[in-house]
Amino acid sequence: MSIKLPQKLMLLGSGELGKEFAIAAQRLGNYVIAVDRYANAPAMQVANAYEVISMLSADDLEAVVTKHQPDIIIPEIEAIRTEKLLEFEQRGITVIPTAAATNYTMNRDRIRELAHQELGIRTAKYGYATTLEELIAVSDKIGFPNVVKPVMSSSGKGQSVVQDKSEVDKAWNYAIANSRGDSQKVIVEEFINFEIEITLLTIKQWNAPTIFCSPIGHRQERGDYQESWQPAEISEDKISKSQEIAIKVTDALGGAGIFGVEFFITKDEVIFSELSPRPHDTGMVTLISQNLNEFELHLRAILDLPIPHIEQLGASASAVILASQKSDSIAFSGVADALSEKDVDIKLFGKPNAHPYRRMGVALAKGVNVQEAREKATKAASKITIISLPMGAQLCIGRMEFAAIQAKSASAD
């Protein structure tokens, strides 16, 4: 496979991961169309063109593909009418990693069944429910504590740990409220008492062997990643085992691109957890930790460009910057303070509005060891304050006006 540049790339989903991918793609002169369900999504701010549609609408997808005629379609989220991707692929448009793989991985039930039932890979014990009554029955069978998740969601949305039967009703409501698309199905998993949870970024290439980044450790709250670090401190034999599993699953899916393959690492086992066929949120640490970040690696794999060497640049970490309240007009303070320490960087995603726990940015840091890197990233993130601006306030406001808004916000708190 030999791909000439530039290519016309269509992103289905245009969040912060899509934004970084678009930047990487444009550095090699490619044309990027960013598509999402809301206007001014992060990737739209740097793309050559953008469209606002419902990606669950087959007609909307047909319209934007017909209009732009992309060479390659790159899904970034789960809520997509995946049968249309199969149609596009049949017309000769490349879908990353493949249309069939995207269809598999958009739902947790399909990828879990592929890994466990077809490939014989160790996973947590699991079951499904489409009603509260079914969830109660399956939870009793799996046992407590357990983990309840929507089969279709992103970034851990809708996930909760259920300690006993009294919490099942709440877990059901939370999962359904945060389910992507039109799915009303949840998965119940055995709770794994792991030592560390890792993401193994796995790069599947068209005409070269599958390669890996150093394992990334991460910590979650409310089912969503809060911090990640690289390299994760696990034994060589467990790294080899995780790589073996990752190759088995990604070979079954086919295609090319980066896969975020998640594992639970216990004292004695490597247990497959989940897989995303695209850059992973925990992999944002690679923006500071590697010579080629996960977005550049995804792009090279897609375009069949060589990846001669992935160098891990030392102990590194990321920590998320979260919103605490709902606002349709925001600004950030504390950025200068956060950037005052050596080997610290801040990425603000440019999301047009905020709501509690929405990821608005990430702090990145390097240190002499992982612990120092994590402390520096967490400290930098904590220095960023998200300020709600008055309705109708301009994005670019004067320094004095901003200081006054900041002081008023602080006094209100």
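**Exercise 1. Which exposed residues does the face of α7 turned away from its buried side carry?**

Before we start, a word on the model: it is predicted, so local features need pLDDT of at least 70 and side-chain atom pairs count only at pLDDT 80 or more, while totals for chains, interfaces and linings use all residues. Residues are numbered from 1 along each chain as its sequence is written, and side-chain values use heavy atoms, with hydrogens and water left out.

*Solution.*

Step 1. Find helix α7 at residues 168-177. Helices (H or I, at least four residues) and strands (E, at least two) are DSSP runs, numbered from the N terminus.

Step 2. Pick out the buried residues of α7: Val-168, Ala-171, Trp-172, Ala-175 and Ile-176. Buried means under 20% relative accessible area, exposed over 50%, and partly exposed in between (1.4 Å probe, protein chains only).

Step 3. Look at how these residues are arranged around the axis. They span an arc of only 125 degrees, which places them on the same side of α7. The arc is that of the directions from the helix axis to the C-beta atoms. A general rule helps here: an α-helix has 3.6 residues a turn, so residues three or four places apart point the same way.

Step 4. Turn to the face directed away from that buried side, and you meet the exposed residues Lys-170 and Ala-177.

Step 5. To finish, see what the buried residues of α7 pack against: β6 (126-129), α6 (132-142), β7 (146-150), β8 (160-162) and β9 (186-190). Contact means heavy atoms within 4.5 Å.

**Exercise 2. Describe the surroundings of strand β14, and find its pairing partners.**

*Solution.*

Step 1. Check burial. Nine of the nine residues of β14 are buried, so this strand is largely enclosed by the rest of the structure.

Step 2. Look for β10, residues 196-204, which pairs with β14 in the antiparallel sense over nine bridges. Two strands pair if DSSP finds at least two bridges between them. One bridge links Thr-199 to its partner Glu-262 in β14.

Step 3. Now take β15, which also pairs with β14 in the antiparallel sense, over six bridges. Here Ile-265 stands opposite Val-270 of β15, and a hairpin of four residues joins β14 to β15.

Step 4. Visit Ser-273, a residue of β15. With a relative accessibility of 3%, Ser-273 counts as buried. Leaving aside neighbours within four places in sequence, Ser-273 is in contact with Arg-112, Glu-262, Phe-263 and Phe-264.

**Exercise 3. Is Glu-269 buried, partly exposed or exposed, and which residues does it touch?**

*Solution.*

Step 1. Locate Glu-269 in the loop between β14 (257-265) and β15 (270-276).

Step 2. Read off the accessibility: at a relative accessible area of 32%, Glu-269 is partly exposed.

Step 3. List the contacts. Not counting residues up to four places away in sequence, Glu-269 touches Arg-122 and Phe-264.

Step 4. Examine the side chains: those of Glu-269 and Arg-122 make a polar contact at 3.0 Å. A polar contact is a pair of N or O atoms within 3.5 Å; within protein, one must be able to donate a hydrogen and the other to accept it, and residues adjacent in sequence count only if both atoms are side-chain atoms.

**Exercise 4. In the largest nonpolar core, which residues touch the most other members?**

*Solution.*

Step 1. Recall what a nonpolar core is: a set of buried Ala, Val, Leu, Ile, Met, Phe, Trp, Tyr and Cys residues joined through side-chain atoms within 4.5 Å.

Step 2. Among the 44 residues of the largest such core, Val-249, Leu-253, Phe-263, Phe-272 and Leu-275 touch the most other members.

Step 3. Note that a second, separate core has 29 residues, including Leu-9, Leu-11, Ala-34 and Ala-43.

**Exercise 5. Find two cis peptide bonds and a positive phi.**

*Solution.*

Step 1. The bond from Leu-5 to Pro-6 is cis, with omega near 0 degrees; Pro-6 lies in the segment before β1 (8-12).

Step 2. The bond from Gln-230 to Pro-231 is cis too, with omega near 0 degrees, and Pro-231 sits in the loop between β13 (224-230) and α8 (236-253).

Step 3. Gln-69 is not a glycine, yet its phi is positive, near 50 degrees. Gln-69 is in the loop between α2 (58-68) and β4 (72-75) and is exposed, with a relative accessible area of 53%.
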